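Open the structure in your viewer and keep the selection panel at hand. We will go from stop to stop, and at each one you will find something to select and something to look at.

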Amino acid sequence: MSRAGTFPRVGTSRSGRGLTLAALLAGLFSLVVGLAGPMSAHAEQPARYMQGVANELMTAARSGTADAFHQVFRKHADLPSIGLYSLGSYAQSLSTADRDPYYSGMIGWIARYSAQNAPQYPVAKMVVVGQTEETKTGVYVDTVVSLRDGGTYDVRWWLIRRGGSYKIGDVSVAGFWGREQLKRLFEKFIADNGGNPRALVIALNR
């Protein structure tokens with residue numbers, strides 16, 4: 001176990017391809033708050049689904065609280081796809097009893113970073129520029145996000161169909177996939193704390 005016993009803090013600087021994890025996590029869920037447009041009563045289409053998520057994120061961003069972000073992420077994130085992949089080689093060592101606490105802790109950690117860092121990435125507009133053909137593995141929705149400082153991001157969302165709607169399985173900001181970043185961080189933390197994923201579960205829930 002690490003000396004402090006808590007999950008390591010991550011820097012928040014942003015510079016080109018040198019996006020840090022905190023900047024990515026803040027961006028990948030909060031960049032969409034600038035997306036406008038009405039939400040259909042039926043969210044079968046990927047683009048309309050993303051508009052619905054954006055509406056909820058706008059409400060969360062206005063509140064400025066981690067709890068508000070947590071509710072949105074818990075509702076729309078495909079937790080098994082994100083969480084188990086992010087454990088990498090340690091996924092099989094996570095006990096069944098620890099899964100729900102792990103998912104909740106992971107989403108809570110991302111929500112806190114989003115609430116803290118979202119104000120650093122003020123969005124001017126977001127434009128959905130296309131989507132791929134949906135297959136059994138899901139569908140990708142491509143967007144371009146323009147920031148108020150003149151910067152832009154290419155954002156690609158991986159959506160997985162769950163019943164009559166979708167869940168977010170991953171998102172790429174400027175070519176950096178969120179699950180890959182989490183996997184690197186989580187695997188290293190577990191390795192540095194005895195090789196037991198429970199150490200990560202405890203740290204995420206502190």
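Two residues are in contact when heavy atoms of theirs lie within 4.5 Å. This is a predicted model, in which local features need pLDDT of at least 70 and side-chain atom pairs count only at pLDDT 80 or more, while totals for chains, interfaces and linings use all residues. Residues are numbered from 1 along each chain as its sequence is written, and side-chain values use heavy atoms, with hydrogens and water left out.

**The whole chain**

Start with a cartoon view. The protein has seven helices and five strands. Helices (H or I, at least four residues) and strands (E, at least two) are DSSP runs, numbered from the N terminus. Read from the N terminus, the order is α-α-α-α-α-β-β-β-β-β-α-α. Of the 206 residues, 49% are buried; buried means under 20% relative accessible area, exposed means over 50%, and partly exposed is in between (1.4 Å probe, protein chains only). Among contacts with a separation of 6 or more, 58% are between residues 24 or more positions apart.

**First stop: A115**

Select A115, which sits in helix α5 (residues 96-117). Is A115 buried or exposed? Its relative accessible area is 17%, so A115 counts as buried. Now show its neighbours: leaving aside residues up to four places away in sequence, A115 touches G64, T65, A66 and F69. Add H70 as well: it is 45 residues from A115 along the chain, yet their C-alpha atoms are 9.5 Å apart.

**Second stop: α5 against α6**

Keep α5 and add helix α6 (residues 178-192); the two axes come within 14 Å and cross at roughly 115°. Axes are lines fitted to C-alpha atoms, for helices over the stretch in contact, and angles run from 0 to 180 degrees between N-to-C directions. That angle makes α5 roughly perpendicular to α6. The cut-offs are under 35 degrees for roughly parallel, over 145 for roughly antiparallel, 65 to 115 for roughly perpendicular, and oblique for the rest.

Which residues make the contact? Show Y102, M106, W109 and I110 on α5, and L182, L185 and F186 on α6. By class, this contact has seven nonpolar, no polar and no charged residues. Ala, Val, Leu, Ile, Met, Phe, Trp, Tyr, Cys and Pro count as nonpolar, Asp, Glu, Lys and Arg as charged, and the others, Gly among them, as polar.

**Third stop: α4 against α6**

Stay on α6 and add helix α4 (residues 79-86): these two pack at an angle of about 40°, with their axes 8 Å apart. That makes α4 oblique to α6. On the α4 side, select S81, I82, Y85 and S86; they meet R179, E180, L182, K183 and F186 of α6. The classes here are four nonpolar, two polar and three charged residues.

**Fourth stop: the strands**

Select strand β2 (residues 139-147) and strand β3 (residues 152-162), which run antiparallel and are joined by eight bridges. Two strands pair if DSSP finds at least two bridges between them. Label Y140, and you will find W158 of β3 opposite. The hairpin of β2 and β3 has four residues between the strands, and there G150 takes a positive phi near 100°.

Next, add strand β4 (residues 165-173), which is antiparallel to β3 and joined to it by eight bridges. V155 stands opposite V173 of β4. Two residues lie between β3 and β4 in their hairpin, where G163 in the turn has a positive phi of about 65°. Seven of the nine residues of β4 are buried, so the rest of the structure largely encloses this strand.

Go on to strand β5 (residues 176-177), which runs antiparallel to β4 and is joined to it by two bridges. V173 has F176 as its bridge partner in β5. In the hairpin of β4 and β5, with two residues between the strands, A174 in the turn has a positive phi of about 55°.

**Last stop: α7**

Finish with helix α7 (residues 197-204), which is mostly covered, with six of its eight residues buried. Which residues of α7 are buried? Select P197, A199, L200, V201, A203 and L204 to see them. Then bring back α5 and α6, which are included in what covers these buried residues.
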